[in-house]
Amino acid sequence: MPALPRLLRSCWGIFVPFWTVFLNTTLVDVVGSEQQIPLSVVKLWASAFGGEIKSIAAKYSGSQLLQKKYKEYEKDVSIEEIDGLQLVKKLAKNMEEMFHKKSEAVRRLVEAAEEAHLKHEFDADLQYEYFNAVLINEQDEEGKYLELGKEFILVPNDHFNNLPVNISLSDVQVPTNMYNKDPAIVNGVYWSESLNKVFVDNFDRDPSLIWQYFGSAKGFFRQYPGIKWEPDENGVIAFDCRNRKWYIQAATSPKDVVILVDVSGSMKGLRLTIAKQTVSSILDTLGDDDFFNIIAYNEELHYVEPCLNGTLVQADRTNKEHFREHLDKLSAKGIGMLDIALNEAFSVLSEFNHTGQGSICSQAIMLITDGAVDTYDTIFAKYNWPERKVRIFTYLIGREAAFADNLKWMACANKGFFTQISTLADVQENVMEYLHVLSRPKVIDQEHDVVWTEAYIDSTLAEDQGMVLMTTVAMPVFSKQNETRSKGILLGVVGTDVPVKELLKTIPKYKLGIHGYAFAITNNGYILTHPELRPLYEEGKKRRKPNYSSVDLSEVEWEDRDDVLRNAMVNRKTGKFSMEVKKTVDKGKRVLVMTNDYYYTDIRGTPFSLGVALSRGHGKYFFRGNVTIEEGPALHPKWTDHLNYENEEEEGLHDLEHPDVSLADEWSYCNTDLQPEHRQLSQLDAIKLYLKGKEPLLQCDKELIQEVLFDAVVSAPIEAYWTSLALNKSENSDKGVEVAFLGTRTGLSRINLFVGAEQLTNQDFLKAGDKENIFNADHFPLWYRRAAEQIPGSFVYSIPFSVGTANKSNVVTASTSIQLLDDRKSPVVAAVGIQMKLEFFQRKFWTASRQCASLDGRCSISCDDETINCYLIDNNGFILVSEDYTQTGNFFGEVEGAVMNKLLTMGSFKRITLYDYQAMCRTNKESSDRAHSLLDPYNAFFAAVKWIMTELILFLVEFNLCGWWHSETTAKAQRLKQTLEPCDTEYPAFVSERTIKETTGNIVCEDCSKSFVIQQIPSSNLFMVVVDNQCACDSVAPITMAPIEIRYNESLKCERLKSQKIRRRPESCHGFHPEENARECGGALGLCAKPALLMIPLLLMLFSR
């Protein structure tokens, strides 16, 4: 009888695999098949390699020594739980004080400017030689300075990005399309010279100030410190301060605007081109607190974006660009029925106002047409009189004045403004007129509202001069002369820039933990500062993303699907919110899953709200060493017992003065900006001066310096330890280990080289340009963050991802964390690590993979066998070792798609879906040079001059010649062009399951079976994977990490346009004033351009050639 079961078992063993292969053409488990790769052998290899590599990492990093040193002081330290609410309130208070200092500086400029103008009497014949920012230091062929170009001393100043500046004087920039010696400009420049004294005084009071300026309503821009401006390749400076957001926000109140564009047949040719450019210029003047829509009309109404029929949208950059794209599709035909358009515009404004979603302040209709046959007073009587809450601004396109009276009457009867635009060169200056009208109520009220802009990058600097993210505080300047009071004359706007890095200096990073961070948002929910904000793309080229200044908090904290955190902060609440987050590191290729607690409150006196994120576990606790500073540092007696120092201060300084010690220069240990003599100091040098007590004016963070001293003394013995290793050359004869390093929670770093600096494989590692691996203002080093999430006592290994430097993939970094206690409540006090040659690391792996346990020394299997492939991968699935060297650094799923798919199915790895709402995608787009040419003042002037000449030659056939002009100058052939456009993407990341140490499996493919073994390497984040290579399994596609663009259908696009997130309106509104003089509503002055002004751009164009 026993033979029968054996026979059945034998048959069953043959039948089951055959039946399984027959039934399955995709991946399945093969139950009962013979294991081709012995797990015990792979486990032996993994154990041997793990023991060897950990021994090397622990020895050369000194991790055990450092752990021991911190343990020695375990009883002398305290661990405190961080009170997140108290912390965020304290930080908000610090920011409030800093912002207040900036706004007070601006207020002093306002007072000085208004006083200077009050004392000045306008002189039309005034001759005044001022410093023109474009002409300064320019000489003619004879070596004489040009007019308005006197000698102006410029000295490079590191406080101003090392640009050559004059910190004693300001200078003046005048837009290219304006006359340098126009009487209005000369008079304005003359009386505003008095601001020089205030500029210098502000800088003396607050040396952290950077650019201060006055933007005149006449168009000139006075900037301190003085700097030379360089025209572009066409000899043009397009910058006009009145187009800047800080100017518009300070000058006007929030507004709802409906733009009506005449597209009847009479608008064909150049008129329609001018009309489109006029609309585009109006859009430039709208900001994030404004709402708008554009309606084209002939005998019918045509919403430029049909999806937004009957409503308004926020004037953020994305929406404005969307409308600009649709503007190009407008064509002229039919008859213009303005009455229908006016009725629609009033209805839209009224209905939208009742929803409570708009600005709830000013409302306006912008009418762009070549004529109106009626005054439409019945429509105005129905909707707008007698209150006249909706202002009417009319823009007459073309030279004819036949319909000017009707359009001017409409503007004057509705507290608006009339202007005529004959050429493209007229557009910008005429559009600006409406801002002066909207500013009248604020001027009459004499309300100097302080405004703050969203974060932006200064575009006045060339790209090679650095790109600094900043916000601007600005205030309007009013005329106080009695005869102009009722007219509400705006003189201009003063402002100063506040770099975002200044905000970060007020944040003690050491109190936020390894993964913690602070962030701030505006009243619209846009990010002011956040470590996940990426304003630039194409690393190294420093190109700004089109929508970088309007990235919403929900786009980086996207796990908060209901916007609970965002909305609470927008509404200026104080509170706490928690959620699980997926934070990407290492250029977005790796992910850390953790739970964050968010604490938030408002920053008073600003439209901003501040938040702090603390990660649960070690991130919620603060480690305090037993050290105090009075006159100097008083250190624990244990630290000085073995040394012959005269006092404790000497020892503290000694430990900071080692050449291997550095501090995080972006952290604020001491405020080196307050005094000019301190600006050249590194943070380490500043601390040394502070401890010696020789700089009483140097303000330092006493608590942070106490902790730095503690870390410096505790970590000091590792210096001698590393030195002894370096001297024993036989220990590292092949120079495989090149660098050892450590970092502490206070931003202190130590580095030791085991090879000469010139022999380093990775020359960039831990240098200032290696941002991801050093302490920054908003994050700890990558090797520190990853080590903190590894099991204590184990090392995390990785290969740097290449970003252009070819040799970066030739090294392996290993790091481990140092904790006082073996639980999550213990803060990570430090991290140590080494960097070794990849070749050295791989050689250790291949040596271990040749071991076997057989007594005769014959191995049943080896990584040298041609039938198997051996890999070493990390916990995110990236290959560190492969027989094919070119696969190093690649994702394992791209090489072994079938095996990776099986590992995901079995739960050894898990896929995590991530989203990037700041991505840039390549797209083929129809483009022409038309839009660019219209926006370029040089081309606009050239086009305007050409058109004038055309009209002079054959005025009677204007439309035909306009059509010829239009087709030649602007109607370029449409062509496909590949560009990078903002987009949303979805992409995967992969993480190993910690509880699964080993796995074996078989994959049945179409015509073969593929077996594999995966075994965790002890005390590491690594896995050895051995795969049978006799079965290619080509039917299974590779698994990639490539991002996929999220494409929205038309319906969803429409919903996204319509949806409006919660926002908070600015607190002040100045829509109307009963004393306002509505008679100042424009006229025919603009119908005849001054010949001199017309010739300037033409001459500039000719000479530039």
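Buried means under 20% relative accessible area, exposed means over 50%, and partly exposed lies in between (1.4 Å probe, protein chains only). The model is predicted, so local features need pLDDT of at least 70 and side-chain atom pairs count only at pLDDT 80 or more, whereas totals for chains, interfaces and linings use all residues. Residues are numbered from 1 along each chain as its sequence is written, and side-chain values use heavy atoms, with hydrogens and water left out.

**Exercise 1.** Classify Met337 by accessibility, and place it in the chain and on the surface.

Solution.
Step 1. Met337 has 33% relative accessibility and therefore counts as partly exposed.
Step 2. Met337 belongs to the loop between helix 9 (317-327) and helix 10 (338-355); helices (H or I, at least four residues) and strands (E, at least two) are DSSP runs, numbered from the N terminus.
Step 3. Together with Ile335 and Ile340, Met337 makes a nonpolar surface patch of about 260 Å². Patches are made of residues with over 30% relative accessible area and no salt bridge, like charges being joined within 9 Å and nonpolar side chains (Val, Leu, Ile, Met, Phe, Trp, Tyr) within 5 Å. Accessible areas come from the Shrake-Rupley method with a 1.4 Å probe, and for residues only the protein chains shown count as cover.

**Exercise 2.** Describe the largest cavity and its lining.

Solution.
Step 1. A cavity is a set of points, on a 1 Å grid over the protein atoms alone, where a 1.4 Å probe fits but cannot get out; lining residues have an atom within 4 Å of a point. Grid points are joined across faces, edges and corners, and a volume is the space filled by probe spheres set on the points.
Step 2. There are 6 cavities of 30 Å³ or more, and the largest has a volume of about 120 Å³. Its lining has 13 residues, of which Gly513, Tyr621, Arg745, Pro827 and Val828 are the closest to its centre.
Step 3. Strand 25 (residues 621-624) gives the most to this lining, with 3 residues.
Step 4. The lining of the largest cavity divides into 9 nonpolar, 2 polar and 2 charged residues. Here Ala, Val, Leu, Ile, Met, Phe, Trp, Tyr, Cys and Pro count as nonpolar, Asp, Glu, Lys and Arg as charged, and the others, Gly among them, as polar.
Step 5. Gly513 lies in the loop between helix 15 (500-505) and strand 18 (517-521), and it counts as buried because its relative accessibility is 15%.

**Exercise 3.** Show which parts of the chain are tied together by the salt bridges of Lys587 and Lys620.

Solution.
Step 1. A salt bridge is a side-chain nitrogen of Lys or Arg within 4 Å of a carboxyl oxygen of Asp or Glu; the structure holds 53 of them.
Step 2. Lys587 pairs with Glu772 at 3.3 Å, N to O. Lys587 lies in the loop between strand 22 (575-585) and strand 23 (590-602), and Glu772 in the loop between strand 32 (748-753) and helix 21 (782-788), so the pair ties together parts that are 185 residues apart in sequence. Lys587 is partly exposed, at 39%.
Step 3. Lys620 pairs with Asp597, the closest N and O atoms being 2.9 Å apart. Because Lys620 lies in the loop between strand 24 (609-615) and strand 25, and Asp597 in strand 23, this pair ties together parts that are 23 residues apart in sequence. Both Lys620 and Asp597 are buried.
Step 4. Lys620 is also 7.2 Å from Gly513, C-alpha to C-alpha, although the two are 107 residues apart in sequence.

Key. On a 1 Å grid over the protein atoms alone, a cavity is a set of points where a 1.4 Å probe fits but cannot get out, and a pocket is an open set with protein on both sides within 12 Å along at least five of seven lines; lining residues have an atom within 4 Å of a point.
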